[in-house]
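Grab the viewer and a cup of coffee, and let's work through a few exercises. Each one sets a task, then walks through the solution.

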Amino acid sequence: MPEIKNYTLNFGPQHPAAHGVLRLVLEMDGEVIERADPHVGLLHRGTEKLAETKPYSQSIAYMDRLDYVSMMCNEHGYVMAIEKLLGIEVPERAQYIRVMFDEITRIRNHLLWIGTHALDVGAMTMFLYAFREREDLMDIYEAVSGARVHAAYYRTGGVARDLPDTMPQYLENRWRSKKEADRLNKNRQGSLLDFAEDFTNRFPGYIDEYETLLTDNRIWKQRTVGIGVVSEERAYQLGFTGPMLRGSGVEWDLRKKQPYEVYDRMDFDIPVGTNGDCYDRYPVRIEEMRQSNRIIKQCIDWLRKNPGLVITDNHKVAAPRREEIKADMEGLIHHFKLFSEGYSLPEGEAYAAVEHPKGEFGIYLISDGANKPYRVKIRAPGFAHLSAMNEMAKGHMLADVVAIIGTQDIVFGEIDR
Amino acid sequence: MSNSLQQLADTLRNTFADKLVSVEEGFGELTAEVNVDQLIEVASTLRDNEDLAFQQLVDLCGVDYSQFGQTEWQTNDASRSGFSRGVDSGTTMGRLQFGDELDSVVSEGRRFAAVYHLISYRHNRRLRLRVFATDDDFPVIPTVTEVWRVADWYEREAFDLFGILFSGHPDLRRILTDYGFVGHPFRKDFPLVGHVEMRYDPEKERVVYEPVSIEPRVLVPRVKREDHRYLSADQADEVQDDA
């Protein structure tokens with residue numbers, strides 16, 4: 001048998017560990033990676049070009065479909081860029097609602113991350129645990145927007161509607177007994193805020209469950225400690241943001257350093273790693289979930305006490321209420337203009353960034369004064385992270401590539417755009 | 001202009017003097033324009049100078065300015081020209097059809113630009129850098145991969161979508177579009193519906209490419225309003241005088 005040493009391995013695009021449609025061309029020396037060349041773009045939909053041909057408000061729903069596991073954070077970045085150019089104020093209650101949903105989204109994203117990452121590395125139970133909790137968060141999404149995933153809830157100047165006073169109930173049917181339905185409905189008797197509070201009370205216990213399974217798990221450590229090490233200096237060079245940057249020991253969080261909405265009133269901490277390997281990024285994200293939980297609690301407290309507007313009453317950008325449209329001439333005109341032509345932004349350019357669960361998610365908006373953007377550039381954190389794949393994977397074994405994909409928290413909706 | 005922005009603008013002017021074409025503030029952000037010849041020098045200084053320390057390139061994107069300010073709906077002379085205010089089809093990018101051509105409305109050398117968003121973690125501030133490629137037909141901009149490693153994929157993306165060539169780039173391949181794709185889809189003269197469509201041909205037993213059969217459709221025209229809320233004081237006076 002001839003001795004084969006170097007060969008090229010094709011990984012994906014259809015592979016369960018590729019987290020979507022990643023095609024990786026790996027040059028291997030035996031089982032050791034010499035060069036990793038990710039081929040992306042299989043999910044390219046031209047979101048930025050599509051946004052150029054639509055009025056501003058119609059692209060909000062496209063933003064959900066970028067990083068499709070942290071929908072509302074994408075919307076947040078986009079509406080913030082528009083608000084920056086318009087120079088409008090968002091009502092305080094809407095700001096709190098946005099912060100609350102950003103953090104709910106962060107937990108949702110991290111739950112998916114930990115489930116799939118652990119599954120890739122060989123821990124099946126994590127996936128089941130994580131999806132159990134995601135279900136509750138999806139119910140919160142559904143109660144407020146009608147959709148479990150692609151919410152399209154944020155609007156220029158606020159959010160689409162106020163938090164509902166009731167939660168949808170499970171019904172008894174052929175597959176679900178009365179007893180089972182009652183059990184599921186038990187914490188859904190009050191408002192959405194009651195349900196969310198119940199979740200925040202339960203959630204720290206769930207995180208402890210995850211940690212029991214993973215933190216000192218020998219196999220988990222063998223697969224992640226010392227894998228994909230990135231130093232602080234390299235993390236800057238490779239464009240790392242978010243948990244990837246914090247894993248390398250940089251104390252940086254846009255929510256603290258360049259606060260937007262009401263994050264400056266929130267009490268929370270930034271977890272930081274030390275070694276910058278796959279294992280360090282795990283406690284960073286776990287701790288972020290705990291901190292998000294804290295922020296949600298603070299928002300719930302505030303939202304209970306302070307009713308008010310959830311969208312700006314500037315009807316040049318936000319539609320008037322239905323009663324006003326029916327009864328008031330001006331309301332009718334506003335409604336007609338907003339839904340036929342949309343609103344125009346002043347000429348100029350703005351870059352708005354939010355601390356997305358994966359890193360810095362930015363929208364760079366160029367307006368030429370029209371009712372449609374001239375150019376929208378979506379700065380997706382995953383794009384920069386994936387481009388570091390070659391450097392992170394070099395010299396590691398084939399199986400470690402899977403751990404690195406997992407730790408980078410790759411989602412192709414945002415990378416390919 | 002806020003204090004810290006003013007400070008940064010002054011630092012930039014002192015450090016670079018005439019190497020920067022302009023330093024402008026808008027919407028709370030600072031934008032500096034650089035000549036394409038001096039880009040690498042300016043970029044290296046921006047990263048290494050202690051007072052600036054822009055350690056990270058957050059984003060790099062291409063922009064095609066060729067249709068900047070073009071609209072599809074006349075808003076000024078409504079009463080005189082009646083209700084047919086739509087601009088002729090084919091002349092604007094939304095209605096661009098297969099085979100149509102668009103004329104650039106900007107002067108030579110102002111069509112393609114690369115925009116860099118920088119962040120300094122040390123000083124907690126951001127800066128936007130803009131570079132125009134001097135030749136519209138063959139836009140070339142030197143690569144900054146030596147200064148910020150992350151520029152690698154961003155430049156590949158700008159090349160893929162806009163056809164901006166980054167000289168000195170180690171591996172300038174297409175990144176987002178399909179293997180064998182022709183054209184640069186984010187240019188304003190590239191129709192939204194694309195040039196080709198693809199289907200499976202059962203007779204040839206393979207996938208075939210054909211010219212697109214769908215019509216471009218724009219539901220909402222591109223409109224610019226002389227909105228008094230966005231006009232500066234001088235402009236507002238002008239509008240007043242006209243009326």
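**Exercise 1. Decide whether Met198(B) is buried or exposed, and find the patch around it.**

Step 1. Met198(B) has a relative accessible area of 53%, so Met198(B) is exposed. The scale runs like this: buried is under 20% relative accessible area, exposed is over 50%, and partly exposed is in between, with a 1.4 Å probe and protein chains only.

Before going on, a note on the model: it is predicted, so local features need pLDDT of at least 70 and side-chain atom pairs count only at pLDDT 80 or more, while totals for chains, interfaces and linings use all residues. Residues are numbered from 1 along each chain as its sequence is written, chains are lettered from A and ligands numbered from 1 in the order in which they are written, and side-chain values use heavy atoms, with hydrogens and water left out.

Step 2. Place the residue: Met198(B) sits in strand 8 of chain B. Strands here are DSSP runs of E with at least two residues, helices are runs of H or I with at least four, and both are numbered from the N terminus.

Step 3. Collect the patch. Val196(B), Met198(B), Tyr200(B), Val207(B) and Tyr209(B) make up a nonpolar surface patch, with about 540 Å² of accessible area together. Patch residues have over 30% relative accessible area and no salt bridge; nonpolar side chains (Val, Leu, Ile, Met, Phe, Trp, Tyr) are joined within 5 Å, like charges within 9 Å. The areas come from the Shrake-Rupley method with a 1.4 Å probe, and for residues only the protein chains shown count as cover.

Step 4. Split it by element. Strand 8 (196-201) and strand 9 (206-211) of chain B each give at least two residues to the patch, and the largest share, three residues, is from strand 8.

Step 5. Zoom out. Chain B has five helices and nine strands, and 45% of its 243 residues count as buried.

**Exercise 2. Work out which parts of chain A the pair Tyr96(A) and Trp302(A) ties together.**

Step 1. Start with the count: there are 21 aromatic pairs over all chains. Rings of Phe, Tyr and Trp (its six-membered ring) pair if their centres lie within 6.5 Å; planes under 30 degrees apart are stacked, over 60 edge-to-face, and the rest tilted.

Step 2. Tyr96(A) and Trp302(A) are stacked, at 3.9 Å centre to centre and 5° between the planes.

Step 3. Tyr96(A) is in helix 4 (residues 92-121) and Trp302(A) in helix 12 (residues 278-305), so the pair ties together parts of chain A that are 206 residues apart in sequence.

Step 4. Check the cover: Tyr96(A) is buried at 5%, and Trp302(A) is buried at 18%.

Step 5. Now try a pair across chains. The ring centres of Tyr374(A) and Phe68(B) are 5.0 Å apart with planes at 75°, so this pair is edge-to-face. Tyr374(A) lies in the loop between strand 7 (359-367) and strand 8 (375-379) of chain A, and Phe68(B) in the loop between strand 3 (56-64) and helix 3 (78-81) of chain B, so the pair joins two chains. Tyr374(A) is buried at 1%, while Phe68(B) is partly exposed at 25%.

**Exercise 3. Sort three salt bridges by where their partners lie.**

Step 1. Get the total, which is 60 salt bridges over all chains. Each is a side-chain nitrogen of Lys or Arg within 4 Å of a carboxyl oxygen of Asp or Glu.

Step 2. Arg106(A) meets Glu103(A) at 3.0 Å, N to O. Both are in helix 4 of chain A, three residues apart, about one turn of the helix. Arg106(A) is buried at 0%, and Glu103(A) is buried at 0%.

Step 3. Glu209(A) meets Arg132(A) at 2.9 Å, N to O. This pair links distant parts of the chain, helix 7 (residues 192-214) and helix 5 (residues 124-145), 77 residues apart. Glu209(A) is partly exposed at 28%, and Arg132(A) is partly exposed at 37%.

Step 4. Arg111(B) bridges to Asp64(B), with the closest N and O atoms 2.9 Å apart. Arg111(B) is in the loop between helix 3 and strand 4 (112-120) of chain B and Asp64(B) in strand 3, 47 residues apart. Arg111(B) is buried at 10%, and Asp64(B) is buried at 1%.
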